[in-house]
Amino acid sequence: AVAITCRTEMPLALFTSLAALGRVYDATGKHAEAGAALEESCALVEATRRDAPGDPVSLAAFLKRSYAVYQSQVGHLISAGQTEAALLWAEKSKARVLNDLLLKGHLDERSAMSDEERHTEQALLSKVWQSAANRKKSQEAIGELELFRRQLYSRHPELALQRADFAPAGPDEWRKLLPDAHSALLEYFEVDNEMALFVVSAKGVSVVHLDVATTAVRSEEHTS
């Protein structure tokens, strides 16, 4: 399925297929392969999200599928015991979706980018899709695109802010928000029909698994 998608160069289907492949690998105990497939899927989403369609229906489809990719990555990292990395991806996914919803269709990047810069970015983006069938070439193409964008943002810092293309806060920043050693930050994220509750304390990051149905019932009881 992944090979067919790559040949047809369908962006939405490509990172969705890679994420599905990652879930299959996880289910069959091939966790290293799952991690590689999910990393590639997320990298494709990150590389191409700026060019998501602007009309409401198409944008909704893109956001739904890309968010599912992030959910698969977070679930995989939780299962692997990498809770800090899982929370980083959870934070990143929420920031990306919120930013794309608020800003898509309302930015005029022509005033910041030259014609040459726009054409170069588009050419590098096309190279990402064209090389997607070959993992090594795909990673190289994504690397070239990311390097170009880092250089682009150094010339036009406002673009990085407009695109929300920056690293999310990490463990050190989270702990600075704690008022004392007895406090904790809570972050909810839905994965695989359950709710992951991340707990950030002075001791580190842990995760508690909550059943979505049970949580919903208890929520209704408290509000009724």
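In strand E3 of this predicted model, aspartate 211 is the bridge partner of glutamate 194. That pairing belongs to the contact between strand E2, which covers residues 194–201, and E3, where eight bridges link the two strands in the antiparallel sense. Further along the same pair of strands, alanine 196 sits opposite histidine 209 in E3. Getting from E2 to E3 takes just two residues, and the two strands form a hairpin.

Glutamate 194 also turns up on the other side of the story: valine 191 stands opposite this glutamate in E2. Here the pairing is between E1 and E2, again in the antiparallel sense, and it runs over seven bridges. Leucine 185 has its bridge partner in E2 too, namely valine 200. E1 and E2 make a hairpin as well, with two residues in between. One residue of that turn, aspartate 192, has a positive phi of about 45°.

Put the pieces together and the result is an open sheet of three strands, in the order E1-E2-E3, with antiparallel pairing. Which strands lie at the edges of this sheet? They are E1 (185–191) and E3 (204–211), each of which pairs on one side only. On average, neighbouring strands of the sheet are turned by 25° against each other, if direction is ignored. As a rule, side chains in a regular strand point alternately to one face of the sheet and then the other.

How many of the eight residues of E2 are buried? The count is seven, so E2 is largely enclosed by the rest of the structure. Part of the surroundings of the sheet can be traced from threonine 83, a residue of helix H5 (residues 83–103). Threonine 83 touches Phe198, Val205 and Val207, leaving aside residues up to four places away in sequence. Is threonine 83 buried or exposed? Its relative accessible area is 15%, and because anything under 20% counts as buried, threonine 83 is buried.

Now for the helices. Helix H3 (residues 31–48) and helix H6 (residues 115–130) have axes that come within 11 Å and cross at roughly 155°. Angles over 145 degrees count as roughly antiparallel, so H3 is roughly antiparallel to H6. The crossing in which H3 passes H6 is left-handed. On the H3 side, the contact is made by Leu44, Ala47 and Thr48, while H6 brings in Leu125, Val128 and Trp129. What kinds of residues are these? Five are nonpolar and one is polar, with no charged residue in the contact of H3 with H6.

Alanine 47, one of the H3 residues in that contact, also has a partner far off in sequence. Glutamate 146 is 99 residues away from alanine 47 along the chain, yet their C-alpha atoms are separated by 7.4 Å. Glutamate 146 belongs to helix H7 (residues 135–155). With a relative accessible area of 23%, glutamate 146 is partly exposed.

A shorter step along the chain shows up at alanine 160, which is found in helix H8 (residues 157–162). Alanine 160 and arginine 149 are eleven residues apart in sequence, and their C-alpha atoms are 8.8 Å apart in space. Alanine 160 is buried, since its relative accessible area comes to 14%.

Zooming out, the protein has ten helices and three strands. How are these elements ordered from the N terminus on? The run is α-α-α-α-α-α-α-α-α-β-β-β-α. Of the 224 residues of the protein, 40% count as buried. Links between parts distant in sequence show up in the contacts too: among those joining residues at least 6 apart in sequence, 59% are between residues at least 24 apart.

Definitions and conventions: Residues numbered from 1 in each chain as written. Predicted model: local features only at pLDDT ≥ 70, side-chain atom pairs only at ≥ 80, totals over all residues. Heavy atoms only, no water. Axes fitted to C-alpha atoms, helices over the stretch in contact; angles between N-to-C directions. Helix = DSSP H or I, 4+ residues; strand = E, 2+ residues; numbered from the N terminus. Parallel < 35°, antiparallel > 145°, perpendicular 65-115°, else oblique. Left-handed = near helix turned anticlockwise from the far one by under 90°. Contact = heavy atoms within 4.5 Å. Nonpolar A, V, L, I, M, F, W, Y, C, P; charged D, E, K, R; others polar. Pairing = 2+ DSSP bridges. Buried < 20%, exposed > 50% of the residue type's maximum accessible area, 1.4 Å probe, protein only.
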